[in-house]
Amino acid sequence: MMNLQKVKLGESVISNIRGKSCEFSILYWKDCSFLPAGRQVTRNDKLKRPFTKPTRYDTQLNQITGKKCQMSRPDPCIKLAACIISTFIVLGCAHLPIDKLKGKTPEYKSPYLFMVYARLAQNRGDFDEALKFYSHINDPYAWLNQARIYYVKGDNDNALKFIDKLLEEGSYLDEALELRAKIYAKSRQWMPAIRDAQRLMGNHPYNKDLGVFLANLKMCVSDFKGARDVLNKMLDIYKDDNLLLYTLSKACIGDGDLICARHALEKLIEDQPGFSPAYMDLGKIYQALGDVAGAENIYLELLKINPRSRQATLALTDIYISQERYSKALDLLKRIIKIHPSEDVLHRLVLLEIHEGMYEEALELLHSKGSGTDKDTYYTALVYAGLNRWDDALDSLSSIPIQGDLGCDVILLKASILKDMGRTSEAIEILEHAWKDESCKEIGYRLAIMLEDSGQREEGLAIATEILEKRPHDPVILNFVGYVWADMGKDLPKAQHMIEKALKSRPDDGFILDSMGWVLFKRNMPQKSLRYMKLALEKCGHDPIINEHMGDILYALGQKPKALDYYLRAFVLSEAVNSSLEEKIDCLLEAYRYGNSDNRF
């Protein structure tokens, strides 16, 4: 292995490679250190060099070896050979015949030659060949390039070996530290990566890209305040830089400071109005701050700049659906599906059309796609169920494999269809067979509800309790068990605790709000329960059970005319026969008929 560490070999070669004339005079130099001591170079040594005048590389080597190389005038044969070779190099310097050297070690032992061929192989992406050539050069620049190649190849161990050599040698320190930080970051070793990046920042405190890199590393370890400090220092130098502002918005969001994130994004949009990701993030921040109108305006602004923005259209659709502005949501989805005909947009549109009772339109949309996926078949079954074409829906579902999340959805839909067909026992049997599968979490809950609805309360409660043991923080199961216990009058303080725990996770869930009002009513606190029941009706005003509960609370508070209104509303909304509700209505009507408003049921 040749050792030319004192000569900046890599730099000199690269400067020649990148030169406009592709001058390769250094390829034919034979340094004086290989000659016997005290001997002069003569014509008989056949130096393979086409130029007679010394170059700067001659001077470098003379300084190293302490010897002088006197060049004799080359003979005509050498001149001719040199002209031919030079012509070949000038005409095709970017296309040297690397392939001919594959698997071979060049006969000529010049380190410069190895360097040139290594660089050309590396530039062409032939990393294995480049490593072969670099292995013959004991030079820091060669080590650096070997480290880079190993990094690209994913061989971090070998890359780190060469980086350690560079750091020990004290050569290319910045490049070595930067590469090592990237290797650590790639392998998720965040703290060593941060240490290297901070060391680099100490050397280059005004390097913007390095500042962003360090800030991102700090965010990976949830040091959002540290990331903000780095970015704010950079912003003192690079006023309102777009990359710094966008990264700062991420750090502020991670730090929980949405106002800071909003200001950063607003500055960014003001300076660069075409940067779509900033609009999307700002819209989400407005929504998180409760300013839905502001979010809507931001998404509309983005659509003015980029009418084909899929993200903005879908975000607006979600806002319109949450506000029950279904016609606007439908218009947007129909427009975006023409621009971006993706499966998820198609399914959103189908679901919205099902919700609006547009079953034929939804079916036509699915059929227009032609041969579809299993998910398309599932949505087709949903449409058939909405059209009461139960057999067609079941036939569609039977062709879908029961696996993964879609398999769980198929089981749930099949059980729901069978229940609607009056085949409740079959529906329960399907759910009982599937609910033990840990991947289908909702099936156990649906089974418990179906058992409860079919009069098998104890069996349903046993299922729910078993699920609660496995998932003690699941708000849905907590609410179910708490509600059933409250309705049974069983351990009411514990039932209230479970419902409160569920409500903390889902404060806007209408059914959990109903459960909270109901457990308070059962604990003889009708005035307190009234507040929760009003909130529940705001969320789920068409639920017959919640309306019946409101009637019970108002009756207990002596507001019997209002109670009767809610009982009648519950009766109209209820699809199943509810003899208890009918009895309450009859008792109140009977009392009014005979003028006895104090009559109790």
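**Salt bridges, a pocket and a surface patch in an all-helical model**

K182 and E178 form a salt bridge in which the closest N and O atoms are 3.4 Å apart. The two residues are separated by about one helical turn, because they stand four residues apart in helix 8, which spans residues 173-186. K182 is partly exposed, since its relative accessibility of 34% falls between the limits of 20% and 50%. E178, at 36% relative accessibility, likewise counts as partly exposed. Side chains of opposite charge can pair when their charged atoms come close.

The model in which this pair is found is a predicted one. The protein has 32 helices and zero strands. Of its 601 residues, 45% count as buried. Among contacts between residues at least 6 apart in sequence, 49% join residues that are at least 24 apart. The exposed area of the protein comes to about 32100 Å², with carbon and sulfur atoms supplying 51% of it.

A search of the whole structure finds 25 salt bridges, and several further examples can be described. R389 pairs with D392, with the closest N and O atoms 2.9 Å apart. R389 has a relative accessible area of 33% and is therefore partly exposed; D392, with 29%, is also partly exposed. Elsewhere, K225, R228, D255 and D257 are linked in a network of salt bridges.

Another salt bridge joins the side chains of K419 and D453, at 3.4 Å from N to O. This pair links distant parts of the chain, as K419 lies in helix 22 and D453 in helix 24, 34 residues apart. K419 is partly exposed, with a relative accessible area of 34%.

D453 also leads to the largest pocket, where D453 is one of the lining residues that lie nearest the centre, together with I449, D543, P544 and I545. The pocket holds about 1900 Å³ of space, and its lining consists of 45 residues. The elements that give two or more residues to this lining are helix 22 (404-420), helix 24 (441-453), helix 26 (475-488), helix 28 (510-522), helix 30 (544-556), helix 31 (560-573) and helix 32 (579-593). Helix 26 provides the largest share of the lining, with seven residues. Helices 22 and 24, which carry K419 and D453 respectively, are thus among the elements that contribute to the pocket lining.

Two further residues illustrate opposite surroundings: is I336 buried or exposed? I336 lies in helix 17, residues 326-339. I336 is buried, because its relative accessibility is 0%, whereas buried status requires only a value under 20%. Leaving aside residues up to four places away in sequence, I336 touches R308, S309, R310, T313, P341 and V345. I336 and L346 are ten residues apart in sequence, and their C-alpha atoms are 9.5 Å apart in space.

Y206, by contrast, is exposed, as its relative accessible area is 58%. Y206 is found in the loop between helix 9 (190-203) and helix 10 (208-220). Together with I237 and Y238, Y206 makes a nonpolar surface patch of about 310 Å².

Technical notes:
Residues are numbered from 1 along each chain as its sequence is written. This is a predicted model: local features need pLDDT of at least 70, side-chain atom pairs count only at pLDDT 80 or more; totals for chains, interfaces and linings use all residues. Side-chain values use heavy atoms; hydrogens and water are left out. Patches are made of residues with over 30% relative accessible area and no salt bridge: like charges are joined within 9 Å, nonpolar side chains (Val, Leu, Ile, Met, Phe, Trp, Tyr) within 5 Å. Accessible areas come from the Shrake-Rupley method with a 1.4 Å probe; for residues, only the protein chains shown count as cover. A salt bridge is a side-chain nitrogen of Lys or Arg within 4 Å of a carboxyl oxygen of Asp or Glu. Buried means under 20% relative accessible area, exposed over 50%, partly exposed in between (1.4 Å probe, protein chains only). Contact means heavy atoms within 4.5 Å. On a 1 Å grid over the protein atoms alone, a cavity is a set of points where a 1.4 Å probe fits but cannot get out, and a pocket is an open set with protein on both sides within 12 Å along at least five of seven lines; lining residues have an atom within 4 Å of a point. Grid points are joined across faces, edges and corners, and a volume is the space filled by probe spheres set on the points.
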